[in-house]
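Dear colleague,

I am handing over the structure we spoke about, with the sequence alongside. Please look through both before reading my notes underneath.

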Amino acid sequence: MDLSEAALQIVAASHAIEARGWAPATSGNYSVRLDETRIAITASGCSKATLSPEDVVEVDMLGRALGEGRPSAETLLHVTAYGLDASIGAIVHTHSVANTVLGRLLEGERYVELSGYELLKAVPGVTTHSTRIVLPIFENTQNLSALAAALRAAWISLDWGDAGPSGYLIRGHGLYTWGADLASALNALEAFEFLLTCEIEIRRSRV
Ligand SMILES: [Zn+2]
């Protein structure tokens, strides 16, 4: 895929995510793999409500800008996941109320386990509700190298459930998820935002 096509896809995705209220202020970032050596990603600090194709920049697999524009501050987390799994074609990161609150409700816990939900089938690689998906929760830090190291370690050592790594939370910060392409990543995002909201409601009803 070339940069201009990826930019159009990312702009459409950004506006869809904005309409759901999942990327307030200038938060959130989205990327698409262009080939083995390059990705397209949203630029740093731009409003996702008014995102335009010029706000999408090209970087190498170390996160270094290849052209105009400054890539998202969280580019390292994108290139780390692309490097860990060659089947990942797109990554989305949101700061919704649900994904922020659940990480804080589970203070001290290192993961959230999702099982028994029909909507789990929207997650890539899942074909039945009778499945188990684990989203690790990493502690928030502005040290992105430390977060990338935590992701690499978890990728190898964590039991991610039946479908393998499909996303993670950063506590009090947001959610990362991905797919083979942007449509599939958005599907996973919608599913996780719904399921994390369900987890909050379940906990609220127990109080
Ligand atoms: Zn973020």
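Below is what was found in the sheet, the helices packed on it, the core and the metal site.

Please keep in mind throughout that this is a predicted model.

I begin with the sheet, which is open and built from eight strands in the order E3-E2-E1-E4-E8-E7-E6-E5, with mixed pairing. Its edges are strand E3 (56-60) and strand E5 (111-115), each of which pairs on one side only. On average, and ignoring direction, neighbouring strands are turned by 20° against each other. At the E3 edge, strand E2 (residues 38-42) runs antiparallel to E3 and is joined to it by five bridges, and within these two strands Thr42 stands opposite Val56 in E3.

Two helices that pack on this sheet may interest you. Helix H1 (residues 3-20) touches strand E1 (29-33), E2, E3 and strand E4 (90-94), and its direction makes about 145° with that of E1. Helix H2 (residues 75-84) touches E1, E2, E3, E4, strand E7 (167-170) and strand E8 (174-179), while its direction makes about 35° with that of E1.

Turning to the interior, the largest nonpolar core has 65 residues, and those with the most contacts inside it are Ile10, Leu77, Val112, Leu114, Leu135, Tyr168 and Phe192. Helix H5 (residues 182-206) gives the most to this core, contributing 10 residues. To take one of the core residues more closely, Leu135 touches, among others, Val112, Leu114, Tyr168 and Phe192, leaving aside residues up to four places away in sequence; its contacts also include Ser166, Gly167 and Leu196.

The metal site probably deserves the most careful reading. The zinc ion has as its protein donors Glu74 (OE), His93 (NE2), His95 (NE2) and His173 (NE2), which lie 2.1 to 2.2 Å from the ion. Along the chain these donors follow the spacing E-x18-H-x1-H-x77-H. Glu74, in the loop between E3 and H2, and His93, in strand E4, are 19 residues apart, and the pair links distant parts of the chain.

Are these two donors buried or exposed? Glu74 counts as buried because its relative accessibility is 11%, which is under the 20% limit, and His93 is likewise buried, with a relative accessible area of 0%.

As for the geometry, the angles among the four donor atoms run from 91 to 149°, and the site is irregular; a tetrahedral assignment would need all angles to lie between 85 and 135 degrees.

With best wishes

Terms used. Residues are numbered from 1 along each chain as its sequence is written. This is a predicted model: local features need pLDDT of at least 70, side-chain atom pairs count only at pLDDT 80 or more; totals for chains, interfaces and linings use all residues. Side-chain values use heavy atoms; hydrogens and water are left out. A nonpolar core is a set of buried Ala, Val, Leu, Ile, Met, Phe, Trp, Tyr and Cys residues joined through side-chain atoms within 4.5 Å. Buried means under 20% relative accessible area, exposed over 50%, partly exposed in between (1.4 Å probe, protein chains only). Helices (H or I, at least four residues) and strands (E, at least two) are DSSP runs, numbered from the N terminus. Contact means heavy atoms within 4.5 Å. Two strands pair if DSSP finds at least two bridges between them. Axes are lines fitted to C-alpha atoms, for helices over the stretch in contact, and angles run from 0 to 180 degrees between N-to-C directions. Donors are N, O and S atoms within 2.8 Å of the metal (3.2 Å for Na, K and Ca); water is not among the atoms, so sites may look incomplete. Four donors count as tetrahedral if all angles lie between 85 and 135 degrees; four count as square planar and six as octahedral if opposite donors are over 155 degrees apart and all others between 65 and 115; anything else is irregular.
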